[in-house]
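Grab a pencil and work through a few short exercises on the structure below. Try each task before you read its solution.

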Amino acid sequence: MSVIRRLSAVSVPSLRVLGLVAGLLASGCSGTKYIPEGAKLYTGSTVKIKSEVAVPNEAALQTELEGTITPKPNASILGLRPKLYFWHLGEGKTKGLGKWLANKYGERPVLLSEVDTNRVKGLMVNRLNNNGYFKPSVSSKVQVKDRTASVDYTATVGKPYTIKEIHFPERDTLIDRAIRATQAASLLKVGDNYNLQTFINERARIDGVLKNQGYYFFTPDYLLFQVDSTLDNQVNVYLKVKATTPPRAAKPYILNNITLNTSYNLSDTTITDKPIRYQGYRYVPDEKVFKAKAITNAVFLYPDSLYRRRRSDQTLSRLMSLGTFKFVDMRFRPARAKADSAGYGFLNSFVRMTQVPKQSLRAEVLLVSKSNGFTGPGFQVQYRNRSALRGAEQLLVNLTGTFENQTQAETNTIGITSYELGIDAQLLVPRLITPPFNIRLVNSDFQPRTTFGAGYRYVQRVQAFQEDVFNLNYGYTWKTKLTNEQELRPIDLQYIRLADSTRQFSKLLEASPFLANSFRQQFILGSSYRYTYNQQALEQRRNQVYFSGGLEVSGNLAYLVSNLTGQTKTVNPTDQRAAYTLIGQEFSQYTKVDLEFRNYFRTSANPTSGNKIATRLLIGTGIPYLNSNVMPYLKQYGIGGPNSVRAFRARGIGPGTYTPTTTEKSNSSFYDQVGDMRIEANAEYRQDLFPYVKGALFVDAGNIWLINDDPTRPGGKFEASSFLKELAVGAGAGIRIDVQFFVIRFDVAMPVRTPNGDKGGSTPTYNIAIGYPF
């Protein structure tokens, strides 16, 4: 009993103190003490729908009615309104901390006297009529409690009106016949509820069809819906063209003269050069920069053809995507010198193009951050010619240099410091070169390209090796939609020559035949295809999906030719395996598949919000065969680092459960810890904190494996029965400095689980990187 009394003696005063604090908070933050005498604080409204019959989509209708309510009440949390408190701190002040808090966090009280119930009821009646609930009634009732008040609205409705009959225009005119021809795709359906928004959408749909059938001057406002609502909860709909429609809007137009001016200047609105005739166009020549064919290939307006808005928009998009014009503008005017024919009018079109300077030279100082953990300063000098062959072909020549250091590596690891110097050239041709075929992708808004590329890189890894990297490629890129892009490279050749190596690196290759072969087989005769689907361009979309899938093959044709021509195989001195060679070096033969899935879900309805859940799944497999028993080194996978599983250093995981056991192996783990197969998953929650500052919480998991067993890396081979148990897992948090065009990222992560099943330990891993991880 004494224990109980002692507890009571302590708890009663404590409860009184808590009650007093709660009372002070309630009186100070509920907001009512800051309301003028005799006024009532408006706390919000409710909407109730009454009907003797079931109301279809009642929740959606109620939400629409709630959207008419104004003003919005002050924000509250558990009945408290702290914003009113901050507003009160600045009341009557012109400066100081109180005024700053009021402006930053305060909110003026919303009073009942500001609520115009008659206006709100009128808006609700209008919304109900728009949804087919004719002759509704809306009442309101004010509920008063102490110094606050709310308003309850009640909407009484009957059975909604439905569409009984739909009548399209019946006159025998060009425009009426054109509108009747669209009826099969009409948004109005017999039996559907009357809905004003559907009628508005139907007008826009018909206008879109007419715009692609020559009706340049027609607008949706020229369409009239007459609704007969005298029936019993049914309506007959009559669609007509207004009698006041101007004659020019009621007829289709044919394109007459099309003028293409490639040297238009905004400061000069007159054409100084005399146009020439080319393929039916009036072309204002600038032969120093463009051949006429280069421009007409991107134009989908044709003389003597029907005006179509779709082709006009496509022409504008194609010309801009050439990359040679700063502005493109298009105008249409009636051809006054040409009389109408059979009810059709004629339009003259003027396409004016303002050029970007043909040549440019650009120099940049870079901070390079690679997925394999190499970070360091660099430079790039780029020369660009925007019409190198007078066909809008873009020639890019890049000179690059970098000094890099592999972060998070052991201090004794060889090759963690790297120097690179390279030069490459690309020629981007704005068409698909596919002789004997002329493929234009006439239904695409985006200019397809044929790409030719060549380059050379000098790479010096300190204390390891020096290599020369040559590449040559030819391919195509094209888009059929904003979200879809495809790339096909029939020729993608790479030749990497290990020109020099240190004694320490040579010993490493001698100790690992698999690694030696991966460096030996770096003659890659590849072809590749990649498909990308990306919804990130749809910025208003709340949930965005990204998918990229790639297929790469190498060496198949060379192996077939070598086999059919009876060439002799050369014995590999590393493992005594026989293989075909090309110019004295083995070529790689493999098939590689890479899949990447991402999803971005914005947690806020605000499209400008950066609060989102981002997830990613990476799956990749490279299978060597016939001429190879190991993937080329530069085609193998590594995992870990600032853009991967961030709780582990770059290439600090795998393959499989393999872990370097000796000091020598630890020093060479950057080269050993690679594989032929990768599975990786990431999840990250991103939150806006302050302007230009974002926070993140994340978890990463993944590993790599070998397709063929390597005795020097035990536990590295992929086994279907155990690979899930071998995933490394890490979690952490980060800060991003995001100024839109540049992102600096700071992450700290803790290992949760290692591939061999152990707990990760207590040592955090710190990452500094450029850009988002995905």
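The exercises cover domains and cores, a helix pair, and some backbone oddities.

This is a predicted model, so local features need pLDDT of at least 70, side-chain atom pairs count only at pLDDT 80 or more, and totals for chains, interfaces and linings use all residues. Residues are numbered from 1 along each chain as its sequence is written, and side-chain values use heavy atoms, with hydrogens and water left out.

**Exercise 1.** Find the largest nonpolar core and work out which domains it lies between.

Step 1. Start with the domains, whose bounds come from an automatic or database assignment: domain 1 (32-74 + 109-157), domain 2 (162-249), domain 3 (253-355) and domain 4 (360-511).

Step 2. A nonpolar core is a set of buried (under 20% relative accessible area) Ala, Val, Leu, Ile, Met, Phe, Trp, Tyr and Cys residues joined through side-chain atoms within 4.5 Å. The largest one has 47 residues, and Ile179, Leu260 and Met353 are among those with the most contacts inside it.

Step 3. Domain 2 and domain 3 both give residues to this core, so it lies between them.

Step 4. Another core, apart from that one, has 20 residues, including Leu65 and Tyr153.

**Exercise 2.** Describe how helix 10 and helix 11 pack.

Step 1. Helices here are DSSP runs (H or I, at least four residues), numbered from the N terminus, and strands are E runs of at least two. Take residues 503-511 for helix 10 and 513-520 for helix 11: their axes are 5 Å apart, at an angle of about 115 degrees.

Step 2. That makes the two helices roughly perpendicular (65 to 115 degrees).

Step 3. In contact (heavy atoms within 4.5 Å) are Phe505, Leu508, Leu509 and Ala511 of helix 10 with Pro513, Leu515, Ala516 and Phe519 of helix 11.

**Exercise 3.** Which residues does each cis peptide bond join, and where do Pro436 and Pro655 sit?

Step 1. One cis bond joins Pro435 and Pro436, with omega about 5 degrees. Pro436 is in the loop between strand 15 and strand 16.

Step 2. Gly654 and Pro655 are also joined by a cis bond, with omega about 0 degrees. Look for Pro655 between strand 26 and helix 13.

**Exercise 4.** Is Arg390 buried, partly exposed or exposed, and what about Ala392?

Step 1. Phi is positive in each: near 60 degrees for Arg390 and near 65 degrees for Ala392. Most residues other than glycine have a negative phi.

Step 2. Arg390 lies in the loop between strand 13 and strand 14, and Ala392 is found there too.

Step 3. Arg390 has a relative accessible area of 30%, so it is partly exposed (from 20% to 50%; exposed is over 50%). Ala392, at 0%, counts as buried.

Notes
Axes are lines fitted to C-alpha atoms, for helices over the stretch in contact, and angles run from 0 to 180 degrees between N-to-C directions. Angles under 35 degrees count as roughly parallel, over 145 as roughly antiparallel, 65 to 115 as roughly perpendicular and the rest as oblique. Buried means under 20% relative accessible area, exposed over 50%, partly exposed in between (1.4 Å probe, protein chains only).
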